[in-house]
Amino acid sequence: MPELVFFSGTMDCGKSTLALQIEHNRSARGLVGMIFTRNDRAGEGKLSSRLGLVTDAVEVGDGTDLYAYLVDHLSRGRRADYVIADEAQFLAPEQIDQLARVVDDLELDVYAFGITTDFRSKLFPGSQRLVELADRVEVLQVEALCWCGARATHNARTVGGVMVVEGAQVVVGDVTDSADEVGYEVLCRRHHRRRMTAATARAAALAPDVLPVTQG
Ligand SMILES: [Zn+2]
C-alpha cells in the first residue's frame, strides 16, 4: 500500500541526510526516484545534506503542479517508482494535496521531509497540510551531541583512539581493531579545542591528575 510519509523535525536534524539515504537505498535496488526540492542550501535543482552529499533534483516553483508533473513524466515513458519531496515546508498546501493524489492515483510512495515549525514556533503551511494528510508522521530527533551533552558542532578524527588534528583531509574510517584505526566523533567546540573526546574524558575522570592541560 503506497504511503505519504512526513519526516518532520527541527533544523539540522538530519532530514536531508535521511532523504539521500532513502534515495541511495532505493537506487541500489534499481528503483528510480523523482526528487523534488525547494530552496536547497546547495542551490536550485539540488538536494544536499550538511554531510556534503548532493544529488540532482527538480526545483519546485510557486505554480508547479506536482501531480501533473509526474503524470507528464510517466506519459513520456520515463520512470518514477517513488517520490521524495525535500524542504517540504516550503511547498504550498495545494502542492501537498497534489502529493497525496500521487500516492492515491499513481500508487507511488511519497516521502516528504520538512521543518515542522518556523522561528515563531508556528507551523509552516506546507507542514500543516502534511500533518493533516500524511498516512504517517515520523518525528526526527537526530541531534548531534557532544559527550558532555552540548550541541556537537565539530568533527574530531581519532587514530587508535587518540584525537589528531593533522593528516590527510579525507580518510575513511575503517572497522579494524588495529592501533591505527581511524574513527570520527562529533564534539562541541569547547571539547574540540581541548581535544577531549569521550574516551579522553572517561580516562580523565578515572585519573584526574592526568587531565590534559591543553585548554588555552
Ligand atoms: Zn562537549
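## The zinc site

Let's start at the metal: the four donor atoms around the zinc ion subtend angles of 98 to 116 degrees, so the arrangement is tetrahedral (for four donors, all angles between 85 and 135 degrees). For four tetrahedral donors, the ideal angle is 109.5 degrees. Coordination comes from Cys146 (SG), Cys148 (SG), Cys188 (SG) and His191 (ND1), at 2.1 to 2.4 Å; donors here are N, O and S atoms within 2.8 Å of the metal (3.2 Å for Na, K and Ca), and water is not among the atoms, so sites may look incomplete.

Along the chain, the donors follow the spacing C-x1-C-x39-C-x2-H. Cysteine 148, in the loop between β8 (136-139) and β9 (154-159), and histidine 191, in helix α5 (residues 189-193), are 43 residues apart and link distant parts of the chain. Histidine 191 counts as buried because its relative accessibility is 8%, whereas cysteine 148, at 37%, counts as partly exposed (buried is under 20% relative accessible area, exposed over 50%, partly exposed in between, with a 1.4 Å probe and protein chains only).

## About the model

This is a predicted model, in which local features need pLDDT of at least 70 and side-chain atom pairs count only at pLDDT 80 or more, while totals for chains, interfaces and linings use all residues. Residues are numbered from 1 along each chain as its sequence is written, and side-chain values use heavy atoms, leaving out hydrogens and water.

## The nonpolar core

The largest nonpolar core (buried Ala, Val, Leu, Ile, Met, Phe, Trp, Tyr and Cys residues joined through side-chain atoms within 4.5 Å) has 23 residues, of which Phe36, Leu70, Val83, Leu91 and Leu99 touch the most other members.

Key: Tetrahedral: all angles 85-135°; square planar, octahedral: opposite > 155°, others 65-115°. Helix = DSSP H or I, 4+ residues; strand = E, 2+ residues; numbered from the N terminus.
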